[in-house]
There are 2 protein chains.
Amino acid sequence: MTQHPEPDQGAPSLDQARRQIARYGLTADPQAVLVAARLMAAGARVGQAGEVHFGRFGLSTGRYRLLADLEDHGGEKSPSQLAASLGVTRATVTGLVDGLEREGLVARRPSTEDGRGNVVILTARGADKLRDVAPEHFARMQAIIGGLSVEERTTFLDLLARVVAGIDALTAD
Amino acid sequence: MTQHPEPDQGAPSLDQARRQIARYGLTADPQAVLVAARLMAAGARVGQAGEVHFGRFGLSTGRYRLLADLEDHGGEKSPSQLAASLGVTRATVTGLVDGLEREGLVARRPSTEDGRGNVVILTARGADKLRDVAPEHFARMQAIIGGLSVEERTTFLDLLARVVAGIDALTAD
DNA sequence: CCCCACTAGTTAGGCACCTAAGCACAAATA
DNA sequence: TATTTGTGCTTAGGTGCCTAACTAGTGGGG
């Protein structure tokens with residue numbers, strides 16, 4: 001039988017936050033802690049749902065993003081450039097390209113300018129795959145935030161950006 | 001190199017969204033697509049930063065959450081219960097407990113009520129570890145959303161909940 | 001001109017997550 | 001009572017992501 005995570009979990013309550021803070025005698029604001037925890041839970045949830053979605057097309061979020069980035073760039077890009085624009089390491093790109101190459105959606109060609117470099121090119125099958133996934137993909141994205149008004153979306157975008165900035169500030173140690 | 005000051009990686013631009021939609025002749029709203037894409041990027045970013053944070057204590061997000069949930073429950077819980085409250089599969093819990101048991105932060109004991117069941121218990125070392133991590137953990141969470149006013153936090157919480165509801169609606173097919 | 005530091009890409013090992021399949025035991029049913 | 005169905009946990013295999021270490025070219029400075 002199919003195992004899948006219970007729908008509503010991973011979303012902590014305010015009481016839970018309060019209890020944890022109290023247990024260690026800390027002074028953190030429970031609401032702040034709750035918001036952060038919910039954000040993390042939501043992030044995980046969105047990511048997982050996306051994975052399931054792309055899985056139906058024999059892809060994954062990472063693979064789709066690589067393919068889309070490639071097409072957006074004329075269908076030809078080096079692994080290093082891909083890593084930079086996708087925000088992952090080169091090692092991760094190696095793995096993604098390995099998988100996509102196995103499926104014939106992408107191909108590797110030695111670089112003509114740099115003896116140690118590669119160029120990843122989008123094959124016809126890769127372009128077809130993108131064309132295949134696109135309608136559902138965009139419909140899905142629209143459905144996810146469809147419950148928000150235009151003003152709410154703008155607000156959400158702003159809040160999201162500020163939170164990410166907060167994280168970046170912490171990360172830059 | 002990137003001629004355009006393409007902000008940060010993984011965070012797509014409105015132009016990019018527009019271009020992709022146009023390429024396939026679709027009718028999606030670029031702003032909606034942008035918000036969804038940014039949410040996914042933010043989720044991934046938050047998750048990764050958390051992983052780095054917990055890594056400094058020899059933990060991971062999953063392991064910490066399991067430990068915290070255990071303590072919140074009197075230090076004793078079955079793998080199935082843990083899976084349900086963490087929102088992951090039992091197989092994942094098996095892996096997490098394997099790791100935590102190896103470090104002595106947790107122990108397995110056969111259930112007295114159910115011959116095929118286990119009970120995961122928090123060891124003294126496990127409780128110590130939680131006590132160790134707590135101050136930085138809560139400070140970090142507070143810092144992340146510290147840039148938001150109380151009202152903004154409430155708004156953010158509401159928007160987040162509605163977006164997650166939208167995802168759940170899509171997932172339930 | 002050669003050496004050495006830097007860069008491109010891969011490999012190896014680790015973690016978290018998933019699905020699917022397997023065993024063991026429990027509970028419901030014939 | 002004997003059988004079937006369901007539940008608890010583990011194992012096996014796959015993906016994505018990371019860091020660290022390695023190979024192979026590039027290119028600058030002594």
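Read along the sequence, chain A of this predicted model follows the pattern α-α-α-β-α-α-β-β-α-α. The secondary structure of the chain thus amounts to 7 helices and 3 strands. For its 173 residues the globule rule gives 16 Å, whereas the radius of gyration of chain A is 20 Å, well over that value, so the chain is more spread out than a compact globule. Along the principal axes, the C-alpha atoms of chain A fill a box of roughly 60 × 40 × 40 Å.

Confidence in chain A averages a pLDDT of 87, and 92% of the residues score at least 70. Residues 1-8 of chain A have a pLDDT below 50. Beyond near neighbours in sequence, this stretch has 8 contacts in the model.

The 3 strands of chain A form an open sheet with the order β1-β3-β2 and antiparallel pairing. The edges are taken by β1 (76-77) and β2 (106-110) of chain A; each has a single partner strand, so one side of each is left without a neighbour in the sheet. Strand β3 (residues 118-122) of chain A pairs with β1(A) in the antiparallel sense over 2 bridges. Within this pairing, Glu76(A) has Ile121(A) in β3(A) as its bridge partner.

Chain B likewise contains an open sheet of 3 strands, ordered β1-β3-β2, in which the pairing is antiparallel. Here β1 (76-77) and β2 (106-110) of chain B stand at the edges, and since each has a single partner strand, one side of each is left without a neighbour in the sheet. Two strands of chain B, β1(B) and β3 (residues 118-122), run antiparallel and are joined by 2 bridges. Opposite Glu76(B) stands Ile121(B), a residue of β3(B).

A turn of 180° with a shift of 0.0 Å along the axis lays chain A on chain B with an RMSD of 0.1 Å. The two copies are therefore related as by a two-fold rotation axis. In chain A, the C-alpha of Gly43(A) is the nearest to this axis, at 1.8 Å. The same surface serves both copies, as 94% of the contact residues of chain A recur in chain B.

Contacts between the copies involve 65 residues of chain A and 65 residues of chain B. On the side of chain A that touches chain B, two or more residues each come from α1 (14-23), α2 (30-55), α4 (79-86), α6 (124-144) and α7 (150-171) of chain A. The most is given by α2(A), with 17 residues. By residue class, this side of chain A divides into 37 nonpolar, 17 polar and 11 charged residues.

DNA strand D is surrounded by 26 residues, of which the closest are Gly62(A), Ala91(A), Gly115(A), Ser80(B) and Ala91(B). Elements of both chains supply at least two residues each to the surface near DNA strand D: α3 (61-71) and α5 (90-102) of chain A, and α4 (79-86) and α5 (90-102) of chain B. The largest share of this surface, 5 residues, comes from α5(A). The residues near DNA strand D divide into 13 polar, 7 charged and 6 nonpolar.

Key. Residues are numbered from 1 along each chain as its sequence is written. Chains are lettered from A and ligands numbered from 1 in the order in which they are written. This is a predicted model: local features need pLDDT of at least 70, side-chain atom pairs count only at pLDDT 80 or more; totals for chains, interfaces and linings use all residues. pLDDT is the predictor's confidence in each residue, from 0 to 100. Two residues are in contact if their C-beta atoms, placed from the backbone, lie within 7 Å. A residue is near a molecule or strand if its C-beta atom, placed from the backbone, lies within 6 Å of it. Helices (H or I, at least four residues) and strands (E, at least two) are DSSP runs, numbered from the N terminus. Ala, Val, Leu, Ile, Met, Phe, Trp, Tyr, Cys and Pro count as nonpolar, Asp, Glu, Lys and Arg as charged, and the others, Gly among them, as polar. Two strands pair if DSSP finds at least two bridges between them. Copies are superposed by least squares on the C-alpha atoms of residues with pLDDT of at least 70 in both. The radius of gyration is taken over C-alpha atoms; the globule rule is 2.2 Å times the number of residues to the power 0.38.
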